[in-house]
Amino acid sequence: WRLFPAQELLADQPGKTAPAKFIAAARTDDGSAAVLYLPENEKLALSADAVAKFSKAEWFDPRTGARTPTNPAQKMSVPGAGDWALVLQR
């Protein structure tokens, strides 16, 4: 995969006011997949365009490798404490 920065996937960036909460967002060059990394237990606000483009989503726990399927939505909450990654696919 070749990932490119994709901050446009976010409706709100909490890292603007608190750098430790910066959500990193990247997408593939063809737009078929995206990954968002949340360094803290945060709520995530996706753009309406991101929700429309991606039909599959799963939370990835980098501490355990566990994956939790979910549905893409404009307002999302991580499934537990700590840092998480959200993987989006078409």
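1. Start with the contact between E58 and V87: V87, in β8, is the bridge partner of E58. The two strands involved, β5 (residues 56-60) and β8, pair in the antiparallel sense over five bridges. Pairing here needs at least two DSSP bridges between the strands, and strands are DSSP runs of E, at least two residues long, numbered from the N terminus.

2. A word on what you're looking at. This is a predicted model, where local features need pLDDT of at least 70 and side-chain atom pairs count only at pLDDT 80 or more, while totals for chains, interfaces and linings use all residues. Residues are numbered from 1 along each chain as its sequence is written, and side-chain values use heavy atoms, with hydrogens and water left out.

3. Back to β8. Strand β3 (residues 33-38) also pairs with β8, again antiparallel, over six bridges, and L38 stands opposite W84. Five of the six residues of β8 (residues 84-89) are buried, so the strand is largely enclosed by the rest of the structure. Buried means under 20% relative accessible area, with exposed over 50% and partly exposed in between (1.4 Å probe, protein chains only).

4. How many aromatic pairs does a search of the whole structure find? Just one. The ring centres of W59 and W84 are 6.5 Å apart and the planes meet at 80 degrees, so this is an edge-to-face pair. W59 belongs to strand β5 and W84 to strand β8, so the pair ties together parts 25 residues apart in sequence. For the cut-offs, rings of Phe, Tyr and Trp (its six-membered ring) pair if their centres lie within 6.5 Å; planes under 30 degrees apart count as stacked, over 60 as edge-to-face and the rest as tilted.

5. Are these two tryptophans buried or exposed? W59 is buried, at 3% relative accessible area, and W84 is buried too, at 6%. W84 has a charged neighbour as well: the charged end of R63 sits over its ring, 5.3 Å from the centre. That label needs NZ of Lys or CZ of Arg within 6 Å of the ring centre and within 35 degrees of the ring normal.

6. Now the other strands. β1 (residues 3-5) and β2 (residues 24-28) run antiparallel, joined by three bridges, with L3 opposite T28. β2 is also joined to β3 by four bridges, antiparallel once more, and A26 has V35 in β3 as its bridge partner. The β2-β3 hairpin has four residues between its strands, and in this hairpin G31 takes a positive phi near 75 degrees.
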